[in-house]
Amino acid sequence: MSITIGSREIGAGMPAYVIAEIGLNHNGDVALAKRLVDVAADAGADAVKLQKRTPAISTPEHMKEVRRETPWGEMSYLEYRYRVELDREQYIEIGDHAVLRGLDFFASPWDVPAVEFLDELDVCAIKVASASVTDLELLAAIAATGRPVILSTGMSTLEQIDRAVAALAGSPLALLHATSTYPMPAEEANLRVIPALAERYPGVPIGYSGHERGLQISLAAVALGASIVERHITLDRTMWGSDHAASLEPQGLAHLVRDIRVIERALGDGVKVVQPGELAPMAKLRRVPA
């Protein structure tokens, strides 16, 4: 089975749907966000994604007054969240730019008003962040939109994922295996969860959301059957912000998309045959014919 996002059908045996996660790496700057959209389009990605919050609701109470050093001076964590949040007109500007560059555009809502915000913008899909897997109120609001849903499963047990999937019943759904460590060490990747999720949720496209440095683990995920690959992107991994270090720079994203497409061609159909390129070596080297 498959789901459709924008004009793309996503599922087993189809080209992997590559999501370039801008997240908060725009640092509240629309011009920077649009530059990252261009990076994604130039690399051949299929979609770009932001994160949408209502800071007063989505910021945990114990974090609101924590002091944080930022490029705009020291401020509380809540003030920082407001500082990097984008409003409706900014979303429209970035989304229009993405569409003009041939990309799907959507976001992860972190609270119910953010779901309503994205629904009013008529986004082509809604992404559920790993942190929201257990937020059943949020999941119910997302399901009510009827939009395709991509659910990340980091820092979650199978039982928690089961409850989230049940809460999203009726929504076109894809799941992403993820490990919510930033950046993620290889020994925490546990990529064999990808086929395990495919077995547990038959008919649901399974993908991978990566927070590692480098490309190898994301490429291995494709070889293991990932139908979606999501990676954070940045102009420069040394930029200020919590996600930049685990993000891909422009060349890295371009190489990721290039290598995913090579792997897809290389996987073939699983039927063992003599390939056209083998005929000449066979005639030259095989002493005993069949």
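# Exercises on a predicted model

A198 is partly exposed, with a relative accessible area of 39%. The model is predicted, and the exercises below work through its burial, contacts, rings and backbone.

## Exercise 1. A198

Task: State where A198 is placed, explain why it is classed as partly exposed, and give its separation from A41 in sequence and in space.

Solution. Step one: A198 has its place in helix 8. Step two: partly exposed covers the range between buried, under 20%, and exposed, over 50%. The relative accessible area of A198 is 39%, so A198 is partly exposed. Step three: A198 and A41 are 157 residues apart in sequence, and their C-alpha atoms are 29 Å apart in space.

## Exercise 2. The nonpolar cores

Task: Identify which residues of the largest nonpolar core touch the most other members, and list what L253 contacts beyond its sequence neighbours.

Solution. Step one: the largest nonpolar core has 76 residues, and those touching the most other members are V48, Y91, L151 and L253. Step two: helix 1 (residues 30–43) supplies the largest share of this core, 9 residues. Step three: with neighbours within four places in sequence set aside, L253 is in contact with A20, V39, A40, A43, I233 and L248. Step four: another core, of 5 residues, lies apart from the largest one and has L24, Y77, Y80 and V84 among its members.

## Exercise 3. An aromatic pair

Task: Classify the ring pair of Y77 and Y80 as stacked, edge-to-face or tilted, and place both residues in the structure.

Solution. Step one: the structure holds 5 aromatic pairs. A pair of aromatic rings is described by the distance of the centres and the angle of the planes. Step two: for Y77 and Y80 the ring centres are 5.8 Å apart and the planes are at 45 degrees. Step three: planes under 30 degrees apart count as stacked and over 60 as edge-to-face; the angle here falls in neither class, so the pair is tilted. Step four: Y77 and Y80 both belong to helix 3 (residues 77–83), 3 residues apart, or about one turn of the helix. Both are buried. Step five: Y77 and Y80 form one aromatic cluster with W72 and W240.

## Exercise 4. Charges over rings

Task: Name the ring over whose face K52 lies, and do likewise for R68.

Solution. Step one: K52 lies over the face of F117, at 4.4 Å from the ring centre. Step two: R68 lies over the face of Y80, at 4.4 Å from the ring centre.

## Exercise 5. H211 and the cis peptide bond

Task: Decide whether H211 is buried or exposed, find its side-chain polar contact, and describe the peptide bond from Y182 to P183.

Solution. Step one: H211 is found in the loop between strand 11 (206–210) and helix 9 (216–223). Step two: the relative accessible area of H211 is 4%, which is under 20%, so H211 is buried. Step three: its side chain makes a polar contact with the side chain of Y182, at 3.3 Å. Step four: not counting residues up to four places away in sequence, H211 touches A178, T179, S180, T181, Y182, P183, M184, H232 and A246. Step five: the peptide bond from Y182 to P183 is cis, with omega near -15 degrees. P183 is found in the loop between strand 10 (173–178) and helix 8 (193–200).

## Exercise 6. E85

Task: Which backbone atom does the side chain of E85 reach, and which residues does E85 touch?

Solution. Step one: E85 is in the loop between helix 3 and helix 4 (88–100). Step two: E85 is buried, with a relative accessible area of 15%. Step three: the side chain of E85 reaches the backbone nitrogen of R53 at 3.3 Å. Step four: residues up to four places away in sequence left out, E85 touches Q51, K52, R53, P55 and Q90.

## Exercise 7. Positive phi

Task: Give the phi values of D122 and M155, and the setting of each residue.

Solution. Step one: D122 has phi near 60 degrees, a positive value in a residue other than glycine. D122 is found in the loop between helix 5 (112–120) and strand 8 (126–128) and is exposed, with a relative accessible area of 55%. Step two: M155, also not a glycine, has a positive phi of about 45 degrees. M155 lies in the loop between strand 9 (149–152) and helix 7 (158–167) and is exposed at 59% relative accessible area.

Key: Residues are numbered from 1 along each chain as its sequence is written. This is a predicted model: local features need pLDDT of at least 70, side-chain atom pairs count only at pLDDT 80 or more; totals for chains, interfaces and linings use all residues. Side-chain values use heavy atoms; hydrogens and water are left out. A nonpolar core is a set of buried Ala, Val, Leu, Ile, Met, Phe, Trp, Tyr and Cys residues joined through side-chain atoms within 4.5 Å. Buried means under 20% relative accessible area, exposed over 50%, partly exposed in between (1.4 Å probe, protein chains only). Helices (H or I, at least four residues) and strands (E, at least two) are DSSP runs, numbered from the N terminus. Contact means heavy atoms within 4.5 Å. Rings of Phe, Tyr and Trp (its six-membered ring) pair if their centres lie within 6.5 Å; planes under 30 degrees apart count as stacked, over 60 as edge-to-face and the rest as tilted. A charge sits over a ring if NZ of Lys or CZ of Arg is within 6 Å of the ring centre and within 35 degrees of the ring normal. A polar contact is a pair of N or O atoms within 3.5 Å; within protein, one must be able to donate a hydrogen and the other to accept it, and residues adjacent in sequence count only if both atoms are side-chain atoms.
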